[in-house]
Amino acid sequence: MTLFIQQLFNGLALGGVYCLAAIGLTLVFGVLRIPNLAHGALYMLGAYITYFFLTTVGVPYIAAIGIAAIMLFIVGVGLERLVFHPLRNSPHTHHMIAAVGAMFFFQALAQAIWGADFRRMDTPITGELRILGAEISAQRIVIIVTAVIVLALLALFIKRSIHGQTIEAIEQDRVGASLVGINPSMVSMLTLGLSALLATIAAGLVAPINLLSPTMGDALNLKVFAIIILGGLGSLPGAIVGGFALAIAETMTATYISSAVGEAVAFIVLVAVLAIKPNGLFTKAVQR
Amino acid sequence: MNSVSRSRRRRLSAAAVLGAIALTATACGGGGGSGEGDTVVIGYTGPLSGGGAAYGENVKIGLEMAIDDLNADGVEVDGNPVTLELKSLDDKYAPSTAASNAQRLADQDKAPVVVSPNAGAIKAIQQINSGRSNFLISAYTSDPAIVQADNPLTMMIPPNFESYAEEFSETAMEHGGKKLALLGTQSEYGQQWTKSIKDAWSEAGGKIGGDNSVDYATVSDFAGPVSKALSEKPDAIFVGGPSQPTALIMEEARKQGFKGSFLVMDQAKLDEMATVTKLDNLKNSVGVLPVSEYEDPGTEDFLKKFAEKAGEKKVPTSETALNYQGIAIIAKAMEAAGTTDDPEKIREAISEALPEVDDKYKVNGFPDEITEQGHLLNPNLEATFLNEDGKYTKVPIEQVSDDK
Amino acid sequence: MNPMKNPRIIGTIAVIILLGLTPLAFAQENYAMRVITVGMCAAIAVYGLNIILGFTGQLNLAQGGFFGIGAYGVGLLTTDYDWSFWAAFVVSVIGTAVIGYLCGLIALRTKDEYFAIFTMAIGFIIFLVISRWEPVTHAHSGVNNVKFPEGGGLIDFESPVAMFYLVFAILLICVYTTYAIRRSSVGRTLLTIRTSEDLADAIGVRVGFSKQLAFAASAVFGGVGGGLYATVVGFIGPDAASIDKTFEFLMFILVGGMGTVAGPLLGSMIVTFLFELFQDFQAYRFIVLGPIIVALVIFAPRGIVGYLGGFVDRRNRRRRAEEARGADDDLDSTGASTSGGTGDHRARNVADGIESGAGRTGGTPSSEETK
């Protein structure tokens with residue numbers, strides 16, 4: 001029983017990691033329908049820049065994440081201008097391959113600057129909590145809580161703020177939105193920038209429980225796509241449910257069946273769900 | 001009208017991009033290849049980008065250091081001075097790319113020797129290195145399958161990993177207890193190690209829990225797999241993959257209250273692990289001996305040169321040190337064979353060359369013989385036990401045969 | 001028009017003849033022969049992708065997985081079970097077809113992004129099975145000493161040249177099949193589905209069945225490419241089935257030109273060549289290659305074949321325009337902005353507008369080649 005509770009918390013923490021990583025992608029893929037395969041690379045870049053400010057420059061942890069997030073916002077806008085904007089009327093295949101090109105570039109760049117060695121990022125959030133006999137580190141609790149808060153804020157931002165509403169308007173009807181004076185270019189830039197910013201926050205929080213390396217984003221990339229597709233594209237609650245559900249499924253199958261099945265379970269669940277509900281769990285009205 | 005000129009501009013820029021590519025292409029094509037006078041290319045194909053890049057870089061540093069030192073000392077083959085030159089290509093850990101690279105190094109750069117640091121790649125290269133093309137593989141892997149293949153042109157550098165299992169099991173059992181949990185990485189090499197440890201552990205009369213191996217490269221949070229392994233209340237845990245993630249796993253296990261001993265696969269180096277976690281988390285572990293603990297005649301100088309080259313912070317590992325030795329052996333074999341372009345003769349001359357190698361190149365358990373199948377054997381192989389005081393104590397290892 | 005006068009067909013044939021002659025120049029260069037032969041194996045799988053993605057418009061991200069099934073089928077059957085290459089090859093291809101068909105049954109229930117990610121999951125599951133099912137696939141240890149094809153005493157396939165021509169011959173069959181599909185009613189059916197599934201459905205096309213066939217066919221091509229790849233390289237590891245392979249294939253087809261006959265071949269060869277070329281930069285090559293990939297996608301969105309095709313179209317149009325101008329001298333270049341043009345001229349302007357618009361909108365196919 002202790003094992004079950006321990007693994008439930010581990011699963012929740014992993015779910016927090018997945019959700020945080022998925023948030024930025026939900027915006028770009030879910031709302032703008034750009035399958036940004038370079039998202040993992042942005043996450044990686046965010047982690048390295050946070051690391052740079054934290055370790056090399058020596059600013060406090062939260063400030064380091066903040067500075068890195070702003071820098072990544074600019075990188076995100078640049079990526080939109082240079083790569084996705086020229087491709088705005090192309091099919092997905094083009095976006096995907098262009099994003100792969102960008103990912104290659106970012107990874108090689110990070111390796112050129114910081115080297116291929118793994119690096120460890122320290123965090124001031126230390127200590128463990130003991131709940132019902134299960135042990136969980138404070139950093140992981142921060143991850144879970146931040147994931148939920150950030151997703152809720154994002155939902156609020158999209159529903160309530162002017163900028164957020166423009167994103168939703170573009171999502172629903174690109175032409176109509178431009179007719180009422182919304183500039184689709186501005187919205188795309190905002191969205192890409194925001195997604196890179198969110199990826200950096202995720203990376204800054206998650207990196208201390210793992211390691212930094214130029215390929216650290218690869219492990220997340222596939223799973224994160226699985227999560228937002230499972231939840232239903234463009235659905236923020238879907239991303240939360242998808243993230244936590246897949247993480248818990250993964251931890252539990254690894255515990256009670258085998259680690260090999262645990263590794264595959266995210267994709268098996270995805271295949272099973274889509275076989276029954278071809279548009280994901282929380283489908284919005286299908287829009288073409 | 002405007003749109004037409006725009007599309008024309010686009011076409012022009014497209015042509016410009018394609019043209020630029022073509023230009024770079026020809027420029028690069030002209031650049032490589034031609035060597036001057038008596039330059040001999042030592043080929044290297046390894047993972048220089050992607051997940052294995054750190055490993056590939058470590059090997060490359062050893063090769064570069066050896067070639068610099070050898071050139072400074074002067075290599076003379078058949079009365080002519082010879083300059084060695086390293087040519088490295090990236091294979092991203094993919095065996096078929098490695099084989100293409102090796103073929104290219106042999107064809108275009110006339111490399112008589114190609115270094116490769118992973119078993120899959122070596123197996124793929126063994127398909128092409130004796131026959132239509134001929135070159136010696138300087139094989140950095142401890143998987144004996146590559147010498148079992150009876151390839152006449154393979155030189156295997158590190159000790160057979162199967163040698164460790166028995167001694168590791170006994171030491172860990174002595175300091176921990178009878179129950180073992182398996183938490184190695186899911187790579188080609190990790191899977192083989194897991195199997196070998198499993199066999200040795202049961203043979204020594206221990207009990208083994210379920211196989212909790214996970215792919216260290218794709219796990220985002222090690223807490224889950226560690227909790228699972230600890231739920232079986234093991235006395236000892238087998239871990240191992242690249243040093244840094246291994247260190248994280250051990251740290252997590254200690255955090256979750258594990259008090260027993262660790263068996264650390266040879267891919268992970270205890271001293272390198274100490275750079276990412278506290279030494280406390282690593283105590284009570286049996287693993288391979290850190291390079292800095294060797295007392296070979298050249299070790300001290302090697303450590304100094306390494307620090308100069310790679311920086312004080314970087315820990316020298318056996319990937320660097322053993323490949324440093326390996327190239328020195330090959331250079332000496334070229335001298336003994338009196339040829340730089342006949343890999344068969346170079347391979348034959350290795351056993352003759354071994355005693356001739358200068359002491360400065362003996363840094364990490366220098367071999368004194370090469371088996372018929374091409375495996376370099378170090379007479380006194382040692383592993384280490386990191387005790388409760390944080391001291392490395394040596395554990396002598398008896399080497400097993402490479403035969404199946 | 002007489003097909004022999006169509007520059008596209010002439011171009012395709014020229015490329016094929018050129019490729020077929022490479023052994024004359026490189027027979028002694030094991031490296032070049034190897035890279036080209038491996039590139040052709042990939043090209044075969046890319047032709048499969050061309051059917052489902054290029055013709056039918058469905059982004060199938062499981063192609064690397066099907067390539068892996070073909071490779072492992074041949075690899076395991078010729079080594080552990082000691083079958084002859086040919087028997088193993090045929091069985092593997094049939095196996096891939098069956099698996100592909102079954103995957104298609106479920107996968108094609110989904111659409112668009114869902115289909116892409118769904119097939120990516122299938123590809124990843126195939127990779128996981130290969131890399132974790134140790135007792136059968138040897139997992140990461142890989143499959144060593146895959147047999148060469150048996151030449152029956154006539155041909156020695158251990159020779160790189162013989163191997164080259166074997167792969168080349170099978171590649172030719174794929175190119176011809178692609179050409180035949182494009183010209184047949186099947187091809188037009190698939191292209192209709194690409195344009196609009198609803199439209200296709202409305203005019204009585206069996207959308208589901210056609211997509212199903214296209215998916216299975218693409219898997220078969222993947223299996224054929226993988227099976228040949230296994231015997232060409234002799235050793236295969238799980239990376240033969242990895243998701244990276246899929247993206248490699250996508251890159252090939254995109255650079256070459258989707259939905260074209262010569263595109264997959266040209267793309268595979270050119271990208272392989274580029275990657276080999278930049279090897280000298282080792283780890284840093286992607287600092288250069290990454291932006292090149294992005295630039296190719298942006299500036300030649302219809303691929304190299306589409307790009308060259310654009311020149312042909314413009315030349316044809318210019319020729320037609322000149323003929324028309326000869327007949328009607330009053331109209332000069334200002335005619336476009338005046339309203340006094342003949343109906344014929346206006347129609348041409350409309351066509352030009354569409355063409356230049358298509359140049360901007362990138363992937364939207366516009367010429368008769370792709371539509």
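User: Which domains does the domain assignment of chain B give?

Analyst: The model is a predicted one, and the assignment for chain B separates two parts along the sequence. One part is made of two stretches of the chain, while the other is a single stretch, and the two are domain 1 (39-160 + 296-381) and domain 2 (163-265).

User: How many residues of domain 1 of chain B are in contact with domain 2 of chain B, and how do they divide by class?

Analyst: The C-alpha centres of domain 1 and domain 2 of chain B lie 31 Å apart. In the contact between them, eight residues of domain 1 of chain B meet six residues of domain 2 of chain B. By class, the side that belongs to domain 1 of chain B has four nonpolar, three polar and one charged residues.

User: Why does B:Val226 count as buried?

Analyst: B:Val226 has its place in helix H8 (residues 223-230) of chain B. When neighbours within four places in sequence are left aside, B:Val226 is in contact with B:Ile249, B:Glu252, B:Ala253 and B:Gln256. A residue is buried if 20 or more other C-beta atoms lie within 10 Å of its own, and B:Val226 therefore counts as buried, with 28 C-beta neighbours inside 10 Å.

User: What separates the C-alpha atoms of B:Val226 and B:Glu251?

Analyst: Along chain B these two residues stand 25 residues apart. In space, the C-alpha atoms of B:Val226 and B:Glu251 are separated by 10.0 Å.

User: Which helix gives the largest share of the side of chain A that touches chain B?

Analyst: The contact between these chains takes 28 residues from chain A and 27 residues from chain B. On the side of chain A, the elements that give two or more residues are H1, helix H4 (92-114), helix H9 (218-231), helix H10 (236-256) and helix H11 (259-276). The residues of that side divide into 13 nonpolar, ten polar and five charged, and its largest share, eight residues, comes from H1(A).

User: Where do the buried residues of H6(A) fall when seen down the axis of the helix?

Analyst: In helix H6 (residues 162-172) of chain A, the buried residues are A:Thr166, A:Ile167, A:Ile170 and A:Glu171. Seen down the axis of H6(A), these buried residues fall within an arc of 140 degrees, so they line one face of the helix.

User: Which helices do the buried residues of H6(A) pack against?

Analyst: The buried residues of H6(A), among them A:Ile167 and A:Ile170, have partners in several helices of chain A. Those partners are helix H1 (2-31), helix H5 (138-160), helix H7 (174-179) and helix H8 (184-206).

User: How far apart are the end C-alpha atoms of residues 137-158 of chain A?

Analyst: An unreviewed UniProt entry annotates several stretches of chain A as "transmembrane region", including residues 96-116 and 137-158. Over residues 96-116 of chain A the chain is 90% helix and 0% strand, and the end C-alpha atoms are 25 Å apart. Over residues 137-158 of chain A the figures are 95% helix and 5% strand, with the end C-alpha atoms separated by 32 Å.

User: Which helix gives the most residues to the largest nonpolar core?

Analyst: The largest nonpolar core has 342 residues, and those with the most contacts inside it are A:Leu72, A:Ala102, A:Ala202, A:Ala226 and C:Ile44. The helix that gives the most to this core, with 19 residues, is helix H2 (residues 30-55) of chain C.

User: Which residues does A:Ala202 touch, not counting those up to four places away in sequence?

Analyst: A:Ala202 is one of the residues with the most contacts inside the largest nonpolar core. Once residues up to four places away in sequence are set aside, A:Ala202 touches A:Leu20, A:Ala21, A:Ile23 and A:Tyr43.

User: How many helices and strands does chain C have?

Analyst: Buried residues make up 54% of the 371 residues in chain C. Among contacts in chain C with a separation of 6 or more, residues 24 or more positions apart account for 75%. In its secondary structure, chain C has 15 helices and zero strands.

User: Which helix gives the most to the side of chain C that touches chain A?

Analyst: In this contact, 38 residues of chain C meet 41 residues of chain A. Helix H5 (112-132), H11 and helix H13 (285-299) of chain C each supply at least two residues of the side of chain C, and that side divides into 29 nonpolar, six polar and three charged residues. The helix that gives the most, with twelve residues, is H5(C).

Notes
Residues numbered from 1 in each chain as written. Chains lettered and ligands numbered in written order. Predicted model: local features only at pLDDT ≥ 70, side-chain atom pairs only at ≥ 80, totals over all residues. Helix = DSSP H or I, 4+ residues; strand = E, 2+ residues; numbered from the N terminus. Buried ≥ 20, exposed ≤ 12 C-beta atoms within 10 Å, placed from the backbone. Contact = placed C-beta atoms within 7 Å. Nonpolar A, V, L, I, M, F, W, Y, C, P; charged D, E, K, R; others polar. Arc of directions from axis to C-beta. UniProt positions renumbered as here; feature names shortened; annotations may be inferred. Domains from an automatic or database assignment. Core = buried A, V, L, I, M, F, W, Y, C linked by C-beta atoms within 7 Å.
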